[in-house]
Amino acid sequence: MTSESDEVDRIVEAWMTQRPDLDFSPLQVLSRVDRLSRHLDLARRAAFRRSELEPWEWDVLSALRRAGEPFQLSPKQLLQQTLVSSGTMTNRIDRLVGRRLVRREADPADGRSILVTMTPEGRIRVDAAITRLVDAEQTLLARLSRVDRDRLAVLLRKLSLGFDG
């Protein structure tokens with residue numbers, strides 16, 4: 001163990017004493033990812049709450065914001081980006097319309113379809129939330145140099161491609 005140890009080091013060391021026949025290297029990585037995920041979730045929820053958004057609202061509004069002007073997508077495009085069911089998306093759009101963060105508009109290219117458009121209030125909220133989120137995530141990564149962050153990003157991308165690809 002290094003001079004600095006964390007809870008995962010202590011857990012793995014105890015397991016190695018009890019089960020020296022097993023390779024605990026996966027726990028060295030994934031238990032830390034799990035613990036960091038919890039810290040990230042708390043930081044994200046706090047950033048969204050300060051912008052008066054729920055995490056699910058963030059998902060929809062951030063997809064619209066990333067689309068660029070006029071901050072508009074079809075419900076099908078929103079489904080693809082947020083990975084929820086059609087019924088869930090309809091409910092989310094209804095609730096966001098009720099909060100005046102998005103509006104439904106007829107699709108000029110197809111009169112039978114609608115587009116979901118972010119309102120100016122929605123844009124204010126999502127822009128505030130992304131600023132707070134980036135600040136919070138910067139704090140979470142403060143112990144790492146830029147080179148270490150870049151290296152970690154490459155390794156995590158390599159790992160996630162096995163699931164997302």
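**Group meeting: helix packing and a few odd residues**

Okay, alanine 128 to start: at 27% relative accessibility it counts as partly exposed, because buried means under 20% relative accessible area and exposed means over 50%, with partly exposed in between (1.4 Å probe, protein chains only). Alanine 128 sits in helix α6. Helices here are DSSP runs of H or I with at least four residues, strands are runs of E with at least two, and both are numbered from the N terminus. Take alanine 128 together with valine 84: they are 44 residues apart in sequence, and C-alpha to C-alpha they are 24 Å apart in space.

Quick housekeeping. This is a predicted model, where local features need pLDDT of at least 70, side-chain atom pairs count only at pLDDT 80 or more, and totals for chains, interfaces and linings use all residues. Residues are numbered from 1 along each chain as its sequence is written, and side-chain values use heavy atoms, with hydrogens and water left out.

Now, helix pairs. Two packed helices are described by the angle between their axes and the distance between the axes. The axes are lines fitted to C-alpha atoms, for helices over the stretch in contact, and the angles run from 0 to 180 degrees between N-to-C directions.

So how do α2 and α6 pack? Helix α2 covers residues 25-50, α6 covers residues 120-140, and they pack at about 150 degrees with their axes 8 Å apart. That makes α2 and α6 roughly antiparallel, because angles over 145 degrees get that label; under 35 is roughly parallel, 65 to 115 roughly perpendicular, and the rest oblique. The α2 and α6 crossing is right-handed, meaning the near helix is turned clockwise from the far one by less than a right angle; anticlockwise would be left-handed.

Who makes that contact, with contact meaning heavy atoms within 4.5 Å? On the α2 side you have His39, Leu40, Ala43, Arg44, Ala47, Phe48 and Arg50, and on the α6 side Ala129, Arg132, Leu133, Ala136, Glu137 and Leu140. By class, the contact of α2 with α6 has 8 nonpolar, 1 polar and 4 charged residues. For the classes, Ala, Val, Leu, Ile, Met, Phe, Trp, Tyr, Cys and Pro count as nonpolar, Asp, Glu, Lys and Arg as charged, and the others, Gly among them, as polar.

Let me zoom in on one of these. Arginine 44, in helix α2, is partly exposed at 33% relative accessibility. Setting aside neighbours within four places in sequence, arginine 44 is in contact with Leu133 and Glu137. The C-alpha atoms of arginine 44 and proline 55 are separated by 8.0 Å, and the two are 11 residues apart along the chain.

A little further on there's glutamate 52, in the loop between α2 and α3. Glutamate 52 is exposed, at 52% relative accessibility. Not counting residues up to four places away in sequence, glutamate 52 touches Glu57, Arg99 and Arg125. Glutamate 52 and valine 126 are 74 residues apart in sequence, yet 9.6 Å apart in space, C-alpha to C-alpha.

Second helix pair. Helix α4, residues 75-82, packs against α5 at about 110 degrees, with their axes 10 Å apart, so α4 and α5 are roughly perpendicular to each other. Their crossing is right-handed. Pro75, Leu78, Leu79 and Thr82 of α4 meet Ser86, Met89 and Ile93 of α5. By class that is 5 nonpolar, 2 polar and no charged residues.

On to the core. A nonpolar core is a set of buried Ala, Val, Leu, Ile, Met, Phe, Trp, Tyr and Cys residues joined through side-chain atoms within 4.5 Å. The largest one has 22 residues, and Leu61, Leu64, Leu78 and Leu96 have the most contacts inside it. At least two residues each come from α2, α3 (55-66), α5 (86-98), β3 (110-118) and α6. Which element gives the largest share of this core? It's α3, with 6 residues. As for leucine 96, leaving aside neighbours within four places in sequence, its contacts are Trp56, Glu57, Val60, Leu61, Leu101 and Val102.

Last bit: backbone oddities. Glutamate 69 and proline 70 are joined by a cis peptide bond, omega about 5 degrees, and proline 70 lies in the loop between α3 and β1 (72-73). Phenylalanine 71, found in the loop between α3 and β1, has a positive phi of about 55 degrees although it is not a glycine. Leucine 83 also has a positive phi of about 55 degrees without being a glycine, and lies in the loop between α4 and α5. Buried or exposed, these two? Phenylalanine 71 is buried at 6% relative accessibility, whereas leucine 83 is exposed at 76%.

Methods:
Contact means heavy atoms within 4.5 Å.
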